[in-house]
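Me: I should like a close look at one part of this protein, with its packing and its charged pairs treated together. The structure is shown here.

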Amino acid sequence: MKYTSFAHSIMYRYTFFKAADHCRAALSNILFKRNAGHNKWSNIKHIKGANDQQKSLMFARFSRQMKLAIREQNDSNPETNSKLASIIEMAKKNSMPKDTILNTIKTHSNSKADPHWHEIKGPRGSIILIQSLTENAKLLKQNLNTLVRKSGLAYCDSGAKHLFIHKGILIAKPSPDLINATEDCIEHAINAGAEEVETSGDDLEPGYFKFLCEPNDMPKVRTNLEKYNYDIVHAEEEHLALQKVTLSDIEYEHLAKFINNVQGLPDVIQIYDNVN
């Protein structure tokens, strides 16, 4: 069941990477998992049982998000930067140490890093969008060029970002006192200012709902959902593919290896794809 205002009732589904530590430390085997969520929700829902390596990956991710939020708003004060405040709250919910959060904010408060987008084309029309924030764009491009060349991939000839739609994603658990949660959440979504709500899916644990909205509306939607006693476990901006492509297993594993290596670059903030 879902409520939507999107044309043609587009169902958004994501691909995600699941951290594993078989080959190299920290970032070794982050693999695609078909027909499931992007690496956001998968990491968050497993964090309770995560080992130290997986927690380090999670905390590094939050640090990168804070860095981007500070740079986008030119504001390191969470009291006036709502995006930064939201990331900090999610980090705290996932047991990120307070000192680590404060050090991240302090380190990046005067950062001169600039945001960049890199568009890579893979087999069968697959597209990888790479979002970065760096003070040394030349070095990042050199490192990325090396990975692209070694993987036999190439940069897109023209802008591919328009094939993705920018949305805010919130994953929340309703109050246990809510008797008809699956039905009531639709009304709650409308009243909260969300555009769509999904009550089930391969990337959702039972009892959790996914709300989609305009990125700038995320603070408002989150506040309104919390008024209905929803527990927000994930809140982040996404770039969702309007159309997906399907790869063979070999192509899939090859692209997963490339993305795994790209994620190891320190200035990479996020990676998006259009792969089923």
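Are Lys-210 and Glu-198 buried or exposed? Please begin from that pair and continue into the surrounding strands, helices and core.

Reply: The model is predicted. Both Lys-210 and Glu-198 are buried. Their side chains meet in a salt bridge, with 3.8 Å from N to O. This pair links distant parts of the chain, since Lys-210 belongs to strand E9 and Glu-198 to strand E8, 12 residues apart.

A second buried salt bridge involves strand E7. The side chains of Glu-195 and Lys-167 meet at 2.7 Å, N to O, and both residues are buried. Here too distant parts of the chain are linked: Glu-195 is in the loop between H6 and strand E8 (196–198), whereas Lys-167 is in strand E7, and 28 residues separate them. In the helix that precedes this loop, H6, the buried residues are Ala-181, Cys-185, Ile-186, His-188, Ala-189 and Ala-192. Just after H6, Gly-193 takes a positive phi of about 100°.

Lys-210 also takes part in the surroundings of Leu-170. Leaving aside residues up to four places away in sequence, Leu-170 touches Phe-209, Lys-210, Phe-211, Cys-213, Met-218, Val-221, Arg-222, Ile-232, His-234 and Ala-235.

Leu-170 leads directly to the largest nonpolar core, which has 32 residues; those touching the most other members are Phe-62, Met-66, Leu-170, Phe-211, Tyr-230 and Ile-232. At least two residues of this core come from each of helix H2 (52–73), helix H3 (82–93), helix H4 (98–108), strand E7 (164–173), helix H6 (181–192), strand E9 (209–213), helix H7 (218–227) and strand E10 (231–241). The greatest contribution is that of H2, with six residues. In terms of domains, the core draws at least three residues from each of domain 1 (40–109) and domain 3 (163–241). Another core lies apart from it and has 19 residues, including Ile-120, Leu-147, Val-268 and Val-275.

Two members of the largest core deserve separate mention. Phe-211 and Tyr-230 are both buried. By the ring-pair rule the structure has two aromatic pairs, one of which is formed by Phe-211 and Tyr-230; it is edge-to-face, with 5.6 Å centre to centre and 90° between the planes. Phe-211 lies in strand E9 and Tyr-230 in the loop between H7 and E10, so that the pair, 19 residues apart, links distant parts of the chain.

Arg-222, another contact of Leu-170, brings the description back to charged residues. The side chains of Arg-222 and Glu-226 meet in a salt bridge of 3.3 Å, N to O. The two are separated by about one helical turn because they are four residues apart in helix H7. In an α-helix there are 3.6 residues a turn, so residues three or four places apart point the same way. The partners differ in exposure: Arg-222 has a relative accessible area of 6% and is therefore buried, while Glu-226, at 33%, is partly exposed.

The salt bridges discussed above belong to a count of 13 in the structure. A network of salt bridges also links Glu-72, Lys-83 and Glu-237. A charged residue placed against an aromatic ring is found as well: the charged end of Lys-141 sits over the ring of Tyr-155, 5.0 Å from its centre.

Definitions and conventions: Residues numbered from 1 in each chain as written. Predicted model: local features only at pLDDT ≥ 70, side-chain atom pairs only at ≥ 80, totals over all residues. Heavy atoms only, no water. Core = buried A, V, L, I, M, F, W, Y, C linked by side-chain atoms within 4.5 Å. Buried < 20%, exposed > 50% of the residue type's maximum accessible area, 1.4 Å probe, protein only. Domains from an automatic or database assignment. Contact = heavy atoms within 4.5 Å. Phe/Tyr/Trp six-rings, centres within 6.5 Å; stacked < 30°, edge-to-face > 60°. Lys NZ or Arg CZ within 6 Å of the ring centre and 35° of its normal. Salt bridge = Lys/Arg side-chain N within 4 Å of Asp/Glu carboxyl O.
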